[in-house]
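Colleague: Could you take me closely through one helix of this model, together with the loop that follows and the nonpolar packing around them?

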Amino acid sequence: MAFAAAILTLFPDMFPGTLGHSLAGRALEQGLWTLAVRDIRASAQDRHRTVDDHPAGGGAGMVLKPDVLARAIDNFPHQGPRLLMSPRGRPLDQALVRDLASGPGCLIVCGRFEGVDERVIERRDLREVSVGDYILSGGEPAALVLLDAVVRLLPGVMGSAASGSEESFEDGLLEHPHYTKPNSWEGLEIPSILLSGDHSAMARWKRARREALTQARRPDLWAKIPAQKR
């Protein structure tokens with residue numbers, strides 16, 4: 001069964017967006033995953049199709065109404081967990097991406113304004129997920145990032161299984177440097193070890209470079225790697 005992605009948003013025209021191109025787009029055309037998008041505003045029941053209201057206790061901005069959003073969730077068939085893109089959520093990492101990719105699909109709620117009424121988060125069991133420590137105008141760009149990361153891991157999407165297993169974060173390390181022809185460019189040479197044909201030596205070089213880059217650029221990741229695996 002294909003991975004089924006369901007999106008709830010106030011801006012359905014933002015999808016599939018970048019997901020309609022390259023690997024994800026081809027996989028979508030081939031039926032390796034499916035995408036269903038629904039407008040939250042369609043679940044509003046007043047003549048103005050109101051989806052938000054002023055925050056209780058005062059404050060700037062508006063908040064998505066729990067009754068409207070809950071109705072949108074309840075009336076949207078979907079598989080897998082219910083996610084809410086939120087800056088206060090669990091950071092999106094490769095472990096979560098792999099977990100989602102191994103499942104049947106997910107529902108992603110894209111918030112807007114100041115946020116979502118806390119009660120609908122609790123009563124509809126929304127798992128909050130963050131793509132970084134910064135604020136976006138809404139959850140749509142974050143949802144695109146999450147789905148792009150998930151789709152590329154689905155069976156048949158990438159041409160080579162090694163393409164996924166050797167990338168940054170798959171084993172906690174950043175990726176090694178890459179080179180291609182010409183061998184000499186602007187006075188810089190491809191490292192000779194990569195042209196040697198010695199596959200064992202090349203593998204050791206790549207591992208050493210991955211470790212060095214991770215230590216230098218992401219000491220937080222390096223600290224999480226057990227000493228016996230370094």
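Modeller: Gln 94 lies in helix α3, where helices (H or I, at least four residues) and strands (E, at least two) are DSSP runs numbered from the N terminus. The model is predicted, so local features need pLDDT of at least 70 and side-chain atom pairs count only at pLDDT 80 or more, whereas totals for chains, interfaces and linings use all residues. Residues are numbered from 1 along each chain as its sequence is written, and side-chain values use heavy atoms, with hydrogens and water left out.

Gln 94 counts as buried because its relative accessibility is 15% (buried means under 20% relative accessible area, exposed over 50% and partly exposed in between, with a 1.4 Å probe and protein chains only). Leaving aside neighbours within four places in sequence, Gln 94 is in contact with Leu 153, Phe 169 and Glu 170, contact meaning heavy atoms within 4.5 Å.

Ser 102 sits in the loop between α3 (94–101) and β6 (105–110), and at 61% relative accessibility Ser 102 counts as exposed. A polar atom of the Ser 102 side chain lies 2.7 Å from the backbone oxygen of Asp 99. Pro 155, although 53 residues from Ser 102 in sequence, is 9.5 Å from it in space, C-alpha to C-alpha.

As for the packing, the largest nonpolar core (buried Ala, Val, Leu, Ile, Met, Phe, Trp, Tyr and Cys residues joined through side-chain atoms within 4.5 Å) has 28 residues, of which Phe 3, Trp 33, Ile 108, Leu 146 and Leu 147 touch the most other members. Both α3 and β6 are among the elements that each supply at least two residues of this core, while its largest share, 8 residues, comes from α5.

Conventions. Polar contact = N/O pair within 3.5 Å; in protein donor to acceptor, adjacent residues only side chain to side chain.
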